[in-house]
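Hi,

Here is the structure I promised to pass on. Have a look at it first, and my notes follow below.

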Amino acid sequence: AKFHQDMSADDEGGRPKASNEATTPNDFAICRAKHGHIDYDTFSGDFSSIYSSSAWVHDGSIGFSHTGSGWKNREFFGHLYGYDLSGQDEDVQSRSFTSRELSHEFWATPNNVLADGTNNLVWVQGDRRIKGFSTDSWSSSYIFSLAKNPGKEARLTAGIFKRPKVTSKDEGRKNIIVFGSERIGYLKNGIIQEWDLSEANRHDGVRRMVSMSNIENDLSQWNEHEVINLSDDTWMDDTGEAEVTAGVKPDSIRVVDIYTPSSVGYLPNGMLAFAHLDSSQIPIYDQNLREVSRLVGFGGDEIEIVQRPTFERIGDNDTFVASDRSCVKIFDLRSGKAEMTIQQKCVSSEPIIVSGAKFVCNRLRSGKGAMMWDLRSQRPLYSLPISADTEIAWVPALDGTSEPPILMTSKGECYKYGIDYPQDDEWEHKSAVNAWANLEKNDKSNDAGDCSIM
């Protein structure tokens, strides 16, 4: 870490830390963290190639990493994973990590992916289906089929309707929206298709596989209504394979006066905060997508909201974090006002909780790394060598356990906080110098600029 102030006074006098001692906010403030890699197989994507189909999502203790396979990465291949948050792991420094391979699940690579920690599901939309993969069973629990002509079906249901003015420039890419544990939706062009997360809609568990080299014979094993045949529309080559179960049709299709958001924040009490392209405001919706309030105060567009933008885990339902290209704002949802503004050009800002203390991690451009801020003292603590195009997520620890909380990245790197471990100071120093040198050389994003508090 590159520190932005003298932390020697906060170092607890250099006191050794017992391996079973719980993490404290001070461990985070002084960056008592071990850097490492989680699992090379899970995160070994082809990030630089023009044929890359890499994608990563994470929520709470679960996530999914798509890396692709086959000719030009045109086939579906990735890993579903989860951490053990039970506090029962014998090795308190490892935070038990489990990963399972997912392959050939669609006729194509993913278009949309969403990790859903509420239901322990990862939602993936590829070809004309959405699948919900469970980290409890490590298999698909739901398979839903998108309507071929949702606008026509919505008209048949609601009669004549006036479609909202939507252009391709306005549309974001966060099509999949989760409504608690009751249902999910797919929003596009002002039309939302919804499916109930009911027992009746669960997948029957049969894995219907076909090979491109034997497509007709493979498809003949099942009734026509049980499968989806997109062999004429796929980019897969003759050695490609796909799981072809036809999904459940939408339980409802309706028109909403909302276009697809570019990012979605899931708030307490089921509320949803949307960021839209070309908008400097944040509308907040209820479970029926009715607007209930709106946050203003950003000077520009390109607002980014992380999936969990509040500190709900410690009972703070009112502090809300969002950012744009020029600053990070900490809102009070009760008043709708920004109580704190960090003037800093960043990609995103991630709320972080350690034993009741609140921090944010801002991903910066131009080789500036990811900067940690303490919201109590309203000051920057240190920066980590994480590039602007590398996504981050916070894996929390349960209160009262000795399991180390983890800051992880989309490339499989991790920082495990609150643990004391033997280290080679000379090697650590060389490793850090090399990491920062590579970041400053290779990160060509726009200037991050200076920072200040308002």
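Before you dig in, keep in mind that this is a predicted model. I'll go through the strands, then one loop residue, then the aromatic rings.

**The four-stranded sheet**

One piece to find is an open sheet of 4 strands, paired antiparallel in the order β17-β18-β19-β20. Its edges are β17 (263–266) and β20 (291–295), each of which has a partner on one side only. On average, neighbouring strands here are turned by 25° against each other, ignoring direction. If you want to check the register at one edge, β17 and β18 (residues 272–275) run antiparallel and are joined by 4 bridges. Ser263 is the residue that stands opposite Ala275 in β18.

**β25, β26 and β27**

Next, go to strand β26 (residues 357–364). Is it enclosed or open? Of its 8 residues, 7 are buried, so the strand is largely enclosed by the rest of the structure.

β26 has antiparallel partners before and after it in the chain. With β25 (residues 346–354) it pairs over 8 bridges, and there Ile353 stands opposite Lys358 in β26. The two strands form a hairpin with 2 residues between them, and Ser355 in that turn has a positive phi of about 50°.

With β27 (residues 370–374), β26 shares 5 bridges. Cys361 faces Met372 across that pairing. This hairpin has 5 residues between its strands, and Ser366 takes a positive phi near 55°. So when you look at the backbone, a serine with positive phi turns up in the β25–β26 hairpin and again in the β26–β27 hairpin.

One general point while you have strands on screen: side chains in a regular strand alternate between the two faces of the sheet.

**A glutamate in a loop**

Glu105 is worth a click. You'll find it in the loop between β6 (97–103) and β7 (112–116). Is this residue buried or exposed? Its relative accessible area is 5%, so Glu105 counts as buried. What does it touch? Leaving out residues up to four places away in sequence, the contacts of Glu105 are Phe76, Arg129, Lys131, Phe133, Arg207 and Glu243.

**Aromatic rings**

How many aromatic pairs does the count come to? The count is 19. One of them is Tyr81 with Tyr83: the ring centres are 6.4 Å apart and the planes stand at 90°, so this pair is edge-to-face. Tyr81 is buried, at 0% relative accessibility, and Tyr83 is buried too, at 9%.

Another is Phe320 with Phe331, a tilted pair with 6.2 Å from centre to centre and 55° between the planes. Phe320 sits in strand β22 (residues 316–323) and Phe331 in strand β23 (residues 327–332), 11 residues apart. Both of these phenylalanines are buried.

There is also an aromatic cluster made up of Phe3, Phe28, Phe359, Tyr382, Trp394 and Tyr417. Phe359 falls within the residue range of β26, so you can start from that strand to find the cluster.

Finally, look for charges over rings. The charged end of Arg100 sits over the ring of Trp138, 5.2 Å from its centre. Lys329 lies over the face of Phe298, with 6.0 Å to the ring centre.

Happy to go through any of this with the model open.

Cheers

Terms used: Residues are numbered from 1 along each chain as its sequence is written. This is a predicted model: local features need pLDDT of at least 70, side-chain atom pairs count only at pLDDT 80 or more; totals for chains, interfaces and linings use all residues. Side-chain values use heavy atoms; hydrogens and water are left out. Two strands pair if DSSP finds at least two bridges between them. Axes are lines fitted to C-alpha atoms, for helices over the stretch in contact, and angles run from 0 to 180 degrees between N-to-C directions. Buried means under 20% relative accessible area, exposed over 50%, partly exposed in between (1.4 Å probe, protein chains only). Contact means heavy atoms within 4.5 Å. Rings of Phe, Tyr and Trp (its six-membered ring) pair if their centres lie within 6.5 Å; planes under 30 degrees apart count as stacked, over 60 as edge-to-face and the rest as tilted. A charge sits over a ring if NZ of Lys or CZ of Arg is within 6 Å of the ring centre and within 35 degrees of the ring normal.
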